[in-house]
Amino acid sequence: MAYSFVCADTGADCPGSFKSEGKEELFAHLGVHAEHAHPEMVGNAEMAAAIPALIKQV
Ligand SMILES: [Zn+2]
């Protein structure tokens with residue numbers, strides 16, 4: 001079981017997609033990506049609350 005996240009699911013115009021064996025590892029990838037690609041999302045509580053629902057188990 002792995003976890004995947006597609007950045008465009010947030011409504012962002014971004015080709016980013018991430019897959020990881022662990023949820024915490026995936027969150028770490030997303031954090032790094034957000035800092036680089038979506039600085040406006042960092043610290044956005046609404047976005048942070050929406051992200052867990054966008055993570056799919058694959
Ligand atoms: Zn992105």
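Biologist: What makes up the largest nonpolar core, and how many residues are in it?

Modeller: The core holds 12 residues in all, namely Y3, F5, C7, A12, C14, F18, L26, L30, M41, M47, I51 and I55; a nonpolar core is a set of buried Ala, Val, Leu, Ile, Met, Phe, Trp, Tyr and Cys residues joined through side-chain atoms within 4.5 Å. At least two of these residues come from each of β1 (3-6), α1 and α2 (45-54), where helices (H or I, at least four residues) and strands (E, at least two) are DSSP runs numbered from the N terminus. This is a predicted model, in which local features need pLDDT of at least 70 and side-chain atom pairs count only at pLDDT 80 or more, whereas totals for chains, interfaces and linings use all residues. Residues are numbered from 1 along each chain as its sequence is written, and side-chain values use heavy atoms, with hydrogens and water left out.

Biologist: Why is H33 called buried?

Modeller: Buried means under 20% relative accessible area, exposed over 50%, and partly exposed in between, with a 1.4 Å probe and protein chains only; H33 has 17% relative accessibility, and therefore counts as buried. H38 is buried as well.

Biologist: Where is H33 found, and what is it in contact with beyond its neighbours within four places in sequence?

Modeller: H33 belongs to helix α1 (residues 23-37), and, with those neighbours left aside, it is in contact (heavy atoms within 4.5 Å) with C7, C14, F18 and H38.

Biologist: Which atoms are the protein donors of the zinc ion, and what makes its site tetrahedral?

Modeller: The donors are C7 (SG), C14 (SG), H33 (NE2) and H38 (NE2), at 1.9 to 2.3 Å from the zinc ion, whereas the cut-off for N, O and S donors is 2.8 Å of the metal (3.2 Å for Na, K and Ca), and sites may look incomplete because water is not among the atoms. Four donors count as tetrahedral if all angles lie between 85 and 135 degrees; the angles among these 4 donor atoms are 103 to 113°, and the site is tetrahedral. Along the chain, the donors follow the spacing C-x6-C-x18-H-x4-H.

Biologist: How do you know that the chain, with its 2 helices and 3 strands, is as compact as a globular protein of that length?

Modeller: The radius of gyration, taken over C-alpha atoms, is set against the globule rule of 2.2 Å times the number of residues to the power 0.38; the chain has 11 Å, close to the 10 Å given for 58 residues, so it is as compact as a globular protein of that length.

Conventions:
Four donors count as tetrahedral if all angles lie between 85 and 135 degrees; four count as square planar and six as octahedral if opposite donors are over 155 degrees apart and all others between 65 and 115; anything else is irregular.
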